[in-house]
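Trainee: I would like to go through some labels used for this model and ask what each one rests on. Please give me the value and the cut-off each time.

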Amino acid sequence: ALRPEALAALRAVLDGGAPEQSMPAEDFGLSQFWYSDACADALAEAIRRSVGETARVAVLSCPSVFRALRRRRTHDASVLFEKDRRFSEGLRSGSEFRMFDFRDEPPEAAASSGERSTGAEGTAFDAVVVDPPYVSRECLLAFWRWVRVLSAREPPVVLLFTSIVNAAWLREGLDARLRLCRFDLSFASKLATPLRAFANAPDLADALGGWVDDDDDDQDVEDSSGGKGPASETTTTPG
């Protein structure tokens with residue numbers, strides 16, 4: 001009898017696809033902690049329900065969700081923006097994978113003119129998934145500059161993962177209001193810092209269990225941090 005992993009690979013080939021490679025080992029130097037397959041699949045399904053089967057999704061620093069989107073075989077136009085070159089294997093440069101460092105400035109032409117390119121720079125996305133490696137507001141703002149350039153929609157449709165201590169700031173401090181969702185993230189390995197999902201689109205939030213009431217949101221922050229304070233620059237997040 002075939003082992004389960006061999007059987008899964010055979011089924012993938014028979015279904016007309018190639019067997020999926022396992023996730024590379026987490027590189028803690030890059031603040032990598034993967035979401036569980038079940039969690040990543042649920043997030044991909046929420047995105048599908050929000051923006052449609054054939055939507056183009058930019059996935060920033062979140063390879064586990066990118067792979068979940070690709071597993072559905074309906075988001076082939078999605079692009080992974082990632083610093084780790086290991087994830088470029090088997091993907092076309094520019095149209096499927098783009099080297100990305102959040103410290104780099106977004107394309108100035110698109111940022112200044114508001115035009116949406118359809119070339120290798122890969123803007124005009126229907127949704128943007130954001131998983132910053134740090135929970136500091138400086139890091140979140142750096143990612144947000146990319147969101148504004150990459151999104152084809154106004155306001156952009158965004159799914160972002162960070163610490164709950166940023167909840168009030170995400171709700172009030174950005175030009176697209178991101179609110180805490182009820183969905184509980186799960187990880188492939190243990191993680192010291194709990195993370196939560198934030199979204200700004202009602203249908204995306206509904207697919208993740210709905211939004212947490214703002215008063216409950218603020219109480220959760222106080223309970224988790226002992227008060228309201230800025231996030232630490234050194235705190236890491238999964239992907």
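Trainee: Why is the contact between aspartate 84 and arginine 86 called a salt bridge?

Mentor: This is a predicted model, and in it the closest N and O atoms of aspartate 84 and arginine 86 are 2.7 Å apart. The cut-off is a side-chain nitrogen of Lys or Arg within 4 Å of a carboxyl oxygen of Asp or Glu, so the pair qualifies.

Trainee: What makes aspartate 84 buried?

Mentor: Its relative accessible area is 7%. Buried means under 20%, so aspartate 84 gets that label.

Trainee: Why does arginine 86 count as partly exposed?

Mentor: Arginine 86 has 34% relative accessibility. Partly exposed lies between the limits of under 20% for buried and over 50% for exposed, and therefore the term applies to arginine 86.

Trainee: How do you know that glutamate 105 and arginine 145 meet in a salt bridge?

Mentor: The N to O distance is 4.0 Å. The rule asks for within 4 Å, and the pair is counted as a salt bridge.

Trainee: What makes this a link between distant parts of the chain?

Mentor: The two residues are 40 residues apart. Glutamate 105 sits in the loop between β3 (97–99) and α4 (108–113), while arginine 145 belongs to helix α5 (residues 137–150).

Trainee: Why are glutamate 172 and arginine 171 given opposite labels, exposed or buried?

Mentor: Glutamate 172 has 60% relative accessibility, and exposed means over 50%, so glutamate 172 is exposed. Arginine 171 has a relative accessible area of 7%, which is under the 20% limit, so arginine 171 is buried. Their side chains form a salt bridge, at 3.3 Å from N to O.

Trainee: Which residues are linked with these two in a network of salt bridges?

Mentor: The network consists of Arg171, Glu172, Arg177, Arg179 and Asp214. By the same rule, the count of salt bridges comes to 16.

Trainee: How many cavities of 30 Å³ or more does a search of the whole structure find?

Mentor: The search finds 1, and the largest cavity has a volume of about 30 Å³. Its lining includes Ile47, Ser50 and Val51, as well as Leu204. At least two lining residues come from each of α2 (37–51) and β4 (127–130).

Trainee: What classes of residue make up the lining of the largest cavity?

Mentor: The lining has 8 nonpolar residues, 1 polar residue and no charged residues. Ala, Val, Leu and Ile are among those that count as nonpolar.

Definitions and conventions:
Residues numbered from 1 in each chain as written. Predicted model: local features only at pLDDT ≥ 70, side-chain atom pairs only at ≥ 80, totals over all residues. Heavy atoms only, no water. Buried < 20%, exposed > 50% of the residue type's maximum accessible area, 1.4 Å probe, protein only. Helix = DSSP H or I, 4+ residues; strand = E, 2+ residues; numbered from the N terminus. 1 Å grid on protein atoms, 1.4 Å probe; cavity = no way out; pocket = protein on both sides within 12 Å on 5 of 7 lines; lining within 4 Å. Points joined across faces, edges and corners; volume = space filled by probe spheres on them.
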